Amino acid sequence: MNTLKAGDKAPEFTLLNQQEQSISLSQFAGKKVLVYFYPKALTPGCTTQACGLRDSKSELDDLNVVVLGVSPDLPKKLAQFAEKKALNFTLLSDSDHQVAEAFGVWGEKKFMGRTYDGIHRISFLVNEQGVIEQVFDKFKTGEHHQMIVDYVRG
């Protein structure tokens, strides 16, 4: 796994959102974009992380930050996640994990004695010019949103 770092150009991508519409990173030029990768919709840690971002949306909007959540889930599952948890930001389906691989967050994981490939919970703050400004990879899911807000506020 070769995770992108601050200063790297963010890979351009287009994925389907929870309404099966194509969303591209380039649509948000001129804004900061939090591209956050999470393993699986509707699981406890991912729900905690997503709800924190949901509850911080007005602060993030004020800071000119767009949130894009990326997981291998299909759009139908993302729609259920967004509806059940009243999520107010875009979720993207990376079912073939091409975008996760491009960002370097797809790799070997261990869980309950099992080894498998999956998405690592890493977030990238992409600046207005499409360059990765900051990488967040060490956090508790319940503190993720505050870490982002605090960083952008500077």
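Pocket entry. I take a pocket, on a 1 Å grid over the protein atoms alone, to be an open set of points where a 1.4 Å probe fits, with protein on both sides within 12 Å along at least five of seven lines, and its lining residues to have an atom within 4 Å of a point. This is a predicted model, in which local features need pLDDT of at least 70 and side-chain atom pairs pLDDT 80 or more, while totals for chains, interfaces and linings use all residues. Residues are numbered from 1 along each chain as its sequence is written, and side-chain values use heavy atoms, with hydrogens and water left out.

I looked up the largest pocket and found about 240 Å³ of space, with a lining of 13 residues, of which Pro39, Lys40, Lys109, Tyr116 and Ile119 lie nearest the centre. Strand 7 (114-119; strands are DSSP E runs of at least two residues, helices H or I runs of at least four) gives the most to this lining, with four residues.

Gln49 entry. I placed Gln49 in helix 1 (residues 44-55) and noted that Gln49 counts as buried because its relative accessibility is 0% (buried means under 20%, exposed over 50%, partly exposed in between, with a 1.4 Å probe and protein chains only). Leaving out residues up to four places away in sequence, I found that Gln49 touches Tyr36, Tyr38, Arg121, Ser123, Phe139, Thr141 and His144, where contact means heavy atoms within 4.5 Å.

Backbone entry. I noted a positive phi near 65 degrees for Asn64, which sits in the loop between helix 2 (57-62) and strand 4 (65-71). Asn64 counts as partly exposed, because its relative accessibility is 29%.

Notes: Grid points are joined across faces, edges and corners, and a volume is the space filled by probe spheres set on the points.
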